[in-house]
Amino acid sequence: MRTLFLNPPSYAGFDGGAGARYQARREIRSYWYPTWLAQPAALVPDSRLVDAPPAGLAPGDVIPMARRHDLVIVHTSSPTFAGDVQAAEAMKAENPDLRVGFVGPKVAVEPERSLRASAAIDFVAREEFDFTIAEVAQGRPLASIDGLSYRDRRGQLVHNADREILTDMDRLPFVTPVYHRDLRAEDYYIGYLLHPYLSLYTGRGCRSRCTFCLWPQTVGGHRYRTRSVGSVLDEAAQTRELFPQVKELFFDDDTFTDDRPRAEEIARGLARLGITWSCNAKANVPRETLKVLRDNGLRLLLVGYESGSQDVLINIKKGLRVERARRFARDCHDLGITVHGTFILGLPGETRETIQETIRFAREVNPHTIQVSVAAPYPGTELYRSAVENGWLPEDSEDAALVSDRGTQLAALSYPHLGHTEILSSVDTFYKRFYFRAGKLAEMSAELLRRPGMTGRRLREGTEFVRFLGRPAS
């Protein structure tokens, strides 16, 4: 089948639907690569991948594509689902013979509910969907494909057997050729990464049990399944050939540092290739491993600190002690490893006091840059189930909005002692207290003196950030 893999147009500047871990428009323009769509696209010959938001494509640019394809696969998420359904309906109207399938965590955990949302959705693929979609594109009968929920000819909903989890990750082809064929690296920005950058997965799954985290609880699982070191290094070498302008590789595994010997081996191979790289990490990596990674091209770690309150960390099953995170931060500073820290406000056990504790902690460990989000109870997560059971969602609704009509984050959770409005307003307080202090301003200014080529970009980002802080209350 002529197959289109689509991340549809969404809120202006929104990057919460194509595999991103953040549920809203960011404070500055940011886009992740649609790797979860690129992977099955690499399995389907002559397919096309369209990532509308970073490419600046509007519905009028995308809907006519329905006439040139037999199958469209839409990557959706809880925040974007309603808009993605509208896009699917418009494409179906354009080409009534078009077969439409949805993929992503939202439909993986709510297949029947998703199918009932619109007759335009012919099927949804559950869990890991790479080979499920490849078999659909081959024209196999839907009834024979594991991991599929679909609407049969009589309009009845059918749920096939689950697809066996993928263990041999080297069965997956490289996504880099798909990026090169269908995407522009220059369209993808992340404030803390060098531009242009490229992101890849070297494995799936995460050993941690954080109650809020979407991917391990819906798609990836809690076993870290990895590609061989040789496979990773071969694709890294290919990026050098296909994207000579790229300045940095980012490994988007949930926790790349979970397998430390493997991470060190990959790092040494990247050093031989002369590649600068960054990755996700938990704040528990030993100093000796950090040193090996730094000595072999590591530039930045993206670290989910989440909270400075030990009680909150225990409540969310983070598996991390605050003191261990402090030692990790000191080691990174000593070794010259840049850290982008992420924090979440409004998690279970949050109080006005723990919010202040987290702000003080962030200022103390002083990552170079931060992201502050509000707790998002995604369906399929333990956090969502707890929210429903305890009445933390507004008006006891199980469909609390995660974003506003402008795509900015909303605080969906509300507690008797701490309302959602106060949680959301604390985000701006956090940012201001972290960035608007003499030491941090001097640090950011020194970066511009060391790297004058960054000036234009930082001025743009600074303008966007100030505009974000001055936005109307959602």
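Helices are DSSP runs of H or I with at least four residues, strands are runs of E with at least two, and both are numbered from the N terminus. The model described here is predicted.

## Helix H11 and its ends

Helix H11 covers residues 260-273, 14 residues in total. From first to last C-alpha H11 reaches 20 Å, close to the 20 Å expected at 1.5 Å a residue.

Asp259 caps the N-terminal end of H11. A side-chain oxygen of Asp259 lies 3.3 Å from the backbone nitrogen of Arg262. At the other end, Gly274 comes just after H11 and takes a positive phi of about 70°.

Arg262 is also one of the buried residues of H11. The others are Ala263, Glu264, Ile266, Ala267, Gly269 and Leu270. What do the buried residues of H11 pack against? Their partners are three strands, S10 (225-226), S11 (248-251) and S12 (277-281), and two helices, H10 (229-242) and H12 (287-295).

## The seven-stranded sheet

An open sheet of 7 strands runs in the order S2-S1-S3-S4-S5-S6-S7, with mixed pairing. Its edge strands are S2 (48-51) and S7 (157-159), each pairing on one side only. Neighbouring strands of this sheet are turned by 20° against each other on average, direction ignored.

Two helices pack on the sheet. Helix H4 (residues 81-94) touches S1 (3-7), S3 (71-75) and S4 (99-103). The direction of H4 makes about 165° with that of S4. Helix H7 (residues 130-137) touches S1, S3, S4, S5 (123-125) and S6. The direction of H7 makes about 145° with that of S5.

Is S1 enclosed or open? 5 of the 5 residues of S1 are buried, so S1 is largely enclosed by the rest of the structure. In a regular strand, side chains alternate between the two faces of the sheet. In S1, Thr3, Phe5 and Asn7 point one way, while Leu4 and Leu6 point the other. All of these are buried.

S1 pairs with S2 and is joined to S3. Leu6 has Val50 of S2 as its bridge partner. Thr3 is matched with Leu71 of S3. Elsewhere in the sheet, Tyr150 has Val158 of S7 as its bridge partner.

The table lists these pairings, along with those of S14.

| Strands | Bridges | Sense |
|---|---|---|
| S1 and S2 | 4 bridges | parallel |
| S1 and S3 | 4 bridges | parallel |
| S6 and S7 | 3 bridges | antiparallel |
| S13 and S14 | 6 bridges | parallel |
| S14 and S15 | 6 bridges | parallel |

## Strands S13, S14 and S15

Strand S14 (residues 338-345) pairs with S15 (residues 369-374) and is joined to S13. 7 of the 8 residues of S14 are buried, so S14 is largely enclosed by the rest of the structure. Thr342 stands opposite Gln371 in S15. Leu301 has Val339 of S14 as its bridge partner.

Glu306 lies in S13 (residues 298-306). Is Glu306 buried or exposed? Glu306 counts as buried because its relative accessible area is 6%, and the cut-off is under 20%. Its side chain makes a polar contact with the side chain of Lys318, at 3.0 Å. Leaving aside neighbours within four places in sequence, Glu306 is in contact with Lys318, Phe212, Leu313, Ile316, Thr342, Phe343, Ile344, Leu347 and Thr358.

## Nonpolar cores

The largest nonpolar core has 115 residues. Which residues have the most contacts inside it? They are Tyr179, Phe251, Trp277, Leu301, Tyr305 and Phe328. Helix H17 (residues 420-435) gives the most to this core, with 7 residues.

Leu301 touches Cys279, Ala281, Leu290, Phe328, Cys332, Ile337, Thr338, Val339 and His340, not counting residues up to four places away in sequence. Apart from the largest core lies another, of 22 residues. Leu6, Met65, Phe81 and Val100 are among its members.

## Helix H1

Helix H1 (residues 35-43) is mostly covered, with 7 of its 9 residues buried. The buried residues are Thr35, Trp36, Leu37, Ala38, Gln39, Pro40 and Ala41.

Methods. Residues numbered from 1 in each chain as written. Predicted model: local features only at pLDDT ≥ 70, side-chain atom pairs only at ≥ 80, totals over all residues. Heavy atoms only, no water. Expected span 1.5 Å × (residues − 1). Buried < 20%, exposed > 50% of the residue type's maximum accessible area, 1.4 Å probe, protein only. Contact = heavy atoms within 4.5 Å. Polar contact = N/O pair within 3.5 Å; in protein donor to acceptor, adjacent residues only side chain to side chain. Pairing = 2+ DSSP bridges. Axes fitted to C-alpha atoms, helices over the stretch in contact; angles between N-to-C directions. Core = buried A, V, L, I, M, F, W, Y, C linked by side-chain atoms within 4.5 Å.
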